[in-house]
Amino acid sequence: MDSVIDRAFAAALYGDGDDGLDTGASLLAAAPDTDADLRRRGEEYLHRAWRHGWQPADVVRLVRRDLDDPHVRLTADLIRTETARYAHLPPRWPAQLADLGPDGESARDRDKGRDRFTRATVHLQLYRLLLRLPPIEPVGPPPGDSVPGPVHGEPRTLTRIRALLAKAEATGYPEEAEALTAKAQELMARHSLDEALLAARTHAKDVPAACRIGVDAPYETAKAILLDAVAAANHCRAVWNEAYGFSTVVGFEADLESVELLHTSLLVQGTAAMAKAEAGQRAAGRKRTKTFRQSFLMAYAHRIGGRLAEAGEHAVREAATGAATGAAGESRDVSALLPVLAARDVAVTDHAERMFPETSTTRVRGVTDAEGWHHGTAAADRAHVTPRDRGPALPT
């Protein structure tokens with residue numbers, strides 16, 4: 001005979017309407033002895049999601065987009081409980097768990113202020129979403145399959161890059177932000193060259209990896225184009241999954257770290273510049289807020305895409321002429337540099353094509369505000385970073 005949980009789930013999780021949810025929540029509300037099993041089922045759905053390629057940040061992002069705050073809090077609580085059972089977690093997972101925020105008051109404690117029907121409804125709505133998560137391309141092993149590696153501190157170069165970008169975000173002077181961001185991109189390019197040559201000299205088995213970076217609404221197309229530009233400038237490839245609100249970035253580990261840092265910083269800088277430009281538009285009596293923002297961010301992303309590559313290409317030219325030196329001051333092996341970079345580019349492309357054998361191109365539309373485009377281009381010029389002009393098309 002089916003349990004109360006089974007009957008509640010059968011009614012609530014396999015339909016689209018509210019009637020099944022109400023039936024399932026009523027069954028659970030009338031059976032207090034099902035509470036522990038209800039949570040256990042949620043943890044099982046999360047375990048299934050991990051095996052299908054999802055990571056904590058992906059799940060939380062989707063729940064935040066499609067459901068409400070109580071569902072987000074419940075998700076975070078279930079993730080903490082489910083992941084606590086593993087002796088070792090995959091790379092990037094500890095940082096994602098830290099982003100859930102402090103444990104503090106658990107979802108179960110907060111539930112005490114709600115009636116049982118409401119609590120059951122929140123669980124069932126969340127579980128319906130988790131149950132319907134499809135398999136996606138994995139960007140690392142799931143928990144339980146990962147083998148702990150050596151623990152290293154953050155390279156000194158990345159610490160310097162992080163500090164430069166934090167200063168660029170905080171300053172109120174565009175010229176200073178420009179200089180700081182340009183210096184950060186220069187350090188990223190040199191760090192990438194050093195890592196590539198070190199791997200070649202030591203014959204390290206360095207292979208491309210992947211990570212996912214959230215691309216949140218609003219104006220997600222412009223944000224995805226910006227990420228694509230940052231990825232291309234740092235020897236990576238980005239593939240946007242519009243349906244689930246993230247891009248998968250493929251590249252070598254040192255370059256992936258640079259992409260995450262720079263993309264986040266440029267979004268902060270661009271958003272601040274947009275708010276300032278928009279305030280000026282309002283003061284002049286214009287009210288085209290949505291079209292202005294859309295055009296601003298599209299221009300910003302497009303122009304950044306033109307400037308980041310110049311910084312990277314400049315670093316390669318410096319190295320190729322012997323002007324650049326490694327972190328310890330030694331001259332780089334210039335004769336080996338270009339073949340090494342070419343081989344790594346091929347490896348990244350091959351890895352991305354194996355992960356995503358079928359992609360489509362999204363053509364950008366809706367840039368209609370000339371003032372927004374002008375101000376966005378100017379803001380990108382002030383950010384002083386330069387990738388190759390890839391145009392407004394994106395792989396999805």
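I'll start inside a helix: F296 and Y300 are four residues apart in α13 (residues 289-320), so about one helical turn separates them. Helices and strands here are DSSP runs, H or I over at least four residues for a helix and E over at least two for a strand, numbered from the N terminus. The two rings have their centres 6.4 Å apart and their planes at 15 degrees, so F296 and Y300 count as stacked. On the terms: rings of Phe, Tyr and Trp (its six-membered ring) pair if their centres lie within 6.5 Å, with planes under 30 degrees apart called stacked, over 60 edge-to-face and the rest tilted. F296 is buried, at 0% relative accessibility, and Y300 is buried at 2%. Buried means under 20% relative accessible area, exposed over 50%, and partly exposed in between, with a 1.4 Å probe and protein chains only.

Before going on, the ground rules. This is a predicted model, where local features need pLDDT of at least 70 and side-chain atom pairs count only at pLDDT 80 or more, while totals for chains, interfaces and linings use all residues. Residues are numbered from 1 along each chain as its sequence is written, and side-chain values use heavy atoms, with hydrogens and water left out.

Now the overall picture. The protein chain has 15 helices and five strands, and 46% of its 396 residues are buried. A contact means heavy atoms within 4.5 Å. Of the contacts between residues at least 6 apart in sequence, 79% join residues at least 24 apart.

Confidence next. pLDDT is the predictor's confidence in each residue, from 0 to 100. The mean for the protein chain is 82, and 80% of the residues reach 70 or more. Among the elements, strand β5 (residues 393-395) has the lowest mean, 43, and α5 the highest, 97. Two stretches should be mentioned. Over residues 386-396 the pLDDT is below 50, and the model gives this stretch 54 contacts beyond near neighbours in sequence. Residues 323-332 also stay under 50, with 14 contacts beyond four places in sequence.

Let me stay with α5, residues 69-83. Its 15 residues should span 21 Å at 1.5 Å a residue, and the end C-alpha atoms are 21 Å apart, which agrees. The expected span is 1.5 Å times one less than the number of residues. How many of the residues of α5 are buried? Eleven of the 15 are, so the helix is mostly covered. Among them are H71, D77, R80 and E82.

After α5 comes a loop, and R92 sits in that loop, between α5 and α6. Phi of R92 is near 80 degrees, a positive value in a residue other than glycine. R92 is partly exposed, at 23% relative accessibility. H235, in the loop between α11 and β2 (237-241), also has a positive phi, near 65 degrees. H235 is partly exposed at 25%. For background, most residues other than glycine have a negative phi, and most peptide bonds are trans. On the second point, A217 and P218 are joined by a cis peptide bond, with omega about 0 degrees. P218 is in the loop between β1 (209-214) and α11 (220-233).

Back to aromatics. The whole structure holds eight aromatic pairs. One of them is W50 with W93, edge-to-face, at 4.9 Å centre to centre and 75 degrees between the planes. This pair links distant parts of the chain: W50 is in helix α3 and W93 in helix α6 (residues 93-98), 43 residues apart. Both are buried, W50 at 2% relative accessibility and W93 at 1%.

Ring pairs also link F9, Y45 and Y127 into a cluster. R41 lies over the face of F9, at 5.4 Å from the ring centre. A charge sits over a ring if NZ of Lys or CZ of Arg is within 6 Å of the ring centre and within 35 degrees of the ring normal. R212 does likewise with F246, its charged end 5.2 Å from the ring centre.

F9 brings me to helix α1, residues 4-12. Its buried residues are I5, A8, F9 and A12. Why do they lie on the same side of α1? They cover an arc of only 95 degrees around the axis, the arc being that of the directions from the helix axis to the C-beta atoms. What covers them includes α2 (18-29), α3 (35-51) and α8 (116-131).
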